[in-house]
Amino acid sequence: MEVAASGREVELTKRPGGFALRGNYPNPFKRTTTLAFVLPEAATVSVDVYDILGGRVMHIGDKRLAAGTGRSMQLDASTLASGSYVYRVTATMTSVTQTATGQLVITR
């Protein structure tokens, strides 16, 4: 809350400052995990998952999401083997395309 010139408290809505990956939870996980991120403006978001050798093993594509700090996508990794993987989140916005990477661990 902020205090306005009139002396009353007002709640300010802040626009997110930039694209940011907040990680995934739970991690490690068995079947599904949630990838959390911040979008400064509406974007088309895709996720690629890579194995330890760098081969792409999964693609979740082109989901249109509104701007906000609590954005997320579900990742169903039930077809992947136990192990460590790297994922890349790509956000294509009007003015720029940004990417961020994270690591996830699947345990069975």
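**Exercise 1. A strand pair**

Task: Find the residue in β9 that stands opposite R88, then describe how β8 and β9 pair.

Solution.
- Step 1. Start at R88. Its opposite residue in β9 is T101. Keep in mind that this is a predicted model.
- Step 2. Now look at the two strands. β8 and β9 run antiparallel and share 10 bridges.
- Step 3. Place the pair in its sheet. The sheet is open, has four strands and reads β6-β5-β8-β9, with antiparallel pairing.
- Step 4. Look for the edges. β6 and β9 have a single partner strand each, so one side of each lacks a neighbour in the sheet.
- Step 5. Add the twist. On average, neighbouring strands of this sheet are turned by 15 degrees against each other, ignoring direction.

**Exercise 2. The chain as a whole**

Task: State how many helices and strands the protein chain has, and give the share of buried residues.

Solution.
- Step 1. Count the elements. There are nine strands and zero helices in the protein chain.
- Step 2. Write the pattern along the sequence. It is β-β-β-β-β-β-β-β-β.
- Step 3. Turn to burial. The protein chain has 108 residues, and 35% of them are buried.
- Step 4. Check the surface. About 6500 Å² is exposed, and carbon and sulfur atoms supply 49% of that area.
- Step 5. Check the contacts. Take those between residues at least 6 apart in sequence; 53% of them join residues at least 24 apart.

**Exercise 3. A hairpin with two cis bonds**

Task: Describe how β3 and β4 are joined, and locate the cis peptide bonds at P26 and P28.

Solution.
- Step 1. Name the motif. β3 and β4 form a hairpin, with six residues between them.
- Step 2. Count the bridges. Five of them join the two strands, which run antiparallel. In this pair, G23 faces A36 in β4.
- Step 3. Enter the loop. P26 lies between β3 and β4, and P28 lies in the loop between these strands too.
- Step 4. Read the omega values. The bond from Y25 to P26 is cis, with omega near -10 degrees. The bond joining N27 and P28 is cis as well, with omega about 5 degrees.
- Step 5. Compare with the general rule. Most peptide bonds are trans.
- Step 6. Follow β4 onward. β4 also pairs with β7, in the antiparallel sense, over seven bridges. There T33 stands opposite L75 in β7.

**Exercise 4. N24: buried or exposed?**

Task: Decide whether N24 is buried or exposed, and list the polar contacts of its side chain with T33 and Y87.

Solution.
- Step 1. Locate the residue. N24 sits in strand β3, residues 20-25.
- Step 2. Apply the cut-off. Buried means under 20% relative accessible area. N24 has 12%, so N24 is buried.
- Step 3. Find the polar partners. The N24 side chain makes a polar contact with the side chain of T33 at 3.1 Å. Another polar contact reaches the side chain of Y87 at 3.5 Å.
- Step 4. Widen the view. Beyond four places in sequence, the residues that N24 touches include F29, L35, Q103 and L104.

**Exercise 5. The nonpolar core**

Task: Which residues of the largest nonpolar core touch the most other members?

Solution.
- Step 1. Read off the residues. The core has 23 residues; F19, F37, L39, V45, V49 and V89 touch the most other members.
- Step 2. List the contributing elements. β4, β5, β6, β7, β8 and β9 each give two or more residues to this core.
- Step 3. Zoom in on V45. Beyond four places in sequence, its contacts include F37, L39, L65, M73 and V89.
- Step 4. Examine β4. Seven of its eight residues are buried.
- Step 5. Link this to a general trend. In soluble globular proteins, nonpolar side chains tend to be buried together.

**Exercise 6. A positive phi in β6**

Task: Give the phi value of D62, and decide whether D62 is buried or exposed.

Solution.
- Step 1. Locate D62. It belongs to strand β6.
- Step 2. Read phi. For D62 it is near 50 degrees, a positive value in a residue other than glycine.
- Step 3. Recall the general rule. Most residues other than glycine have a negative phi.
- Step 4. Apply the cut-off. Exposed means over 50% relative accessible area. D62 has 59%, so D62 is exposed.
- Step 5. Look at the partner strand. β5 and β6 run antiparallel and are joined by seven bridges. A43 has L65 in β6 as its bridge partner.
- Step 6. Finish at the turn. β5 and β6 form a hairpin with five residues between them, and G54 in the turn has a positive phi of about 95 degrees.

How values were computed: Residues numbered from 1 in each chain as written. Predicted model: local features only at pLDDT ≥ 70, side-chain atom pairs only at ≥ 80, totals over all residues. Heavy atoms only, no water. Core = buried A, V, L, I, M, F, W, Y, C linked by side-chain atoms within 4.5 Å. Buried < 20%, exposed > 50% of the residue type's maximum accessible area, 1.4 Å probe, protein only. Contact = heavy atoms within 4.5 Å. Polar contact = N/O pair within 3.5 Å; in protein donor to acceptor, adjacent residues only side chain to side chain. Areas by Shrake-Rupley, 256 points an atom, 1.4 Å probe, with all protein chains shown as cover. Pairing = 2+ DSSP bridges. Axes fitted to C-alpha atoms, helices over the stretch in contact; angles between N-to-C directions.
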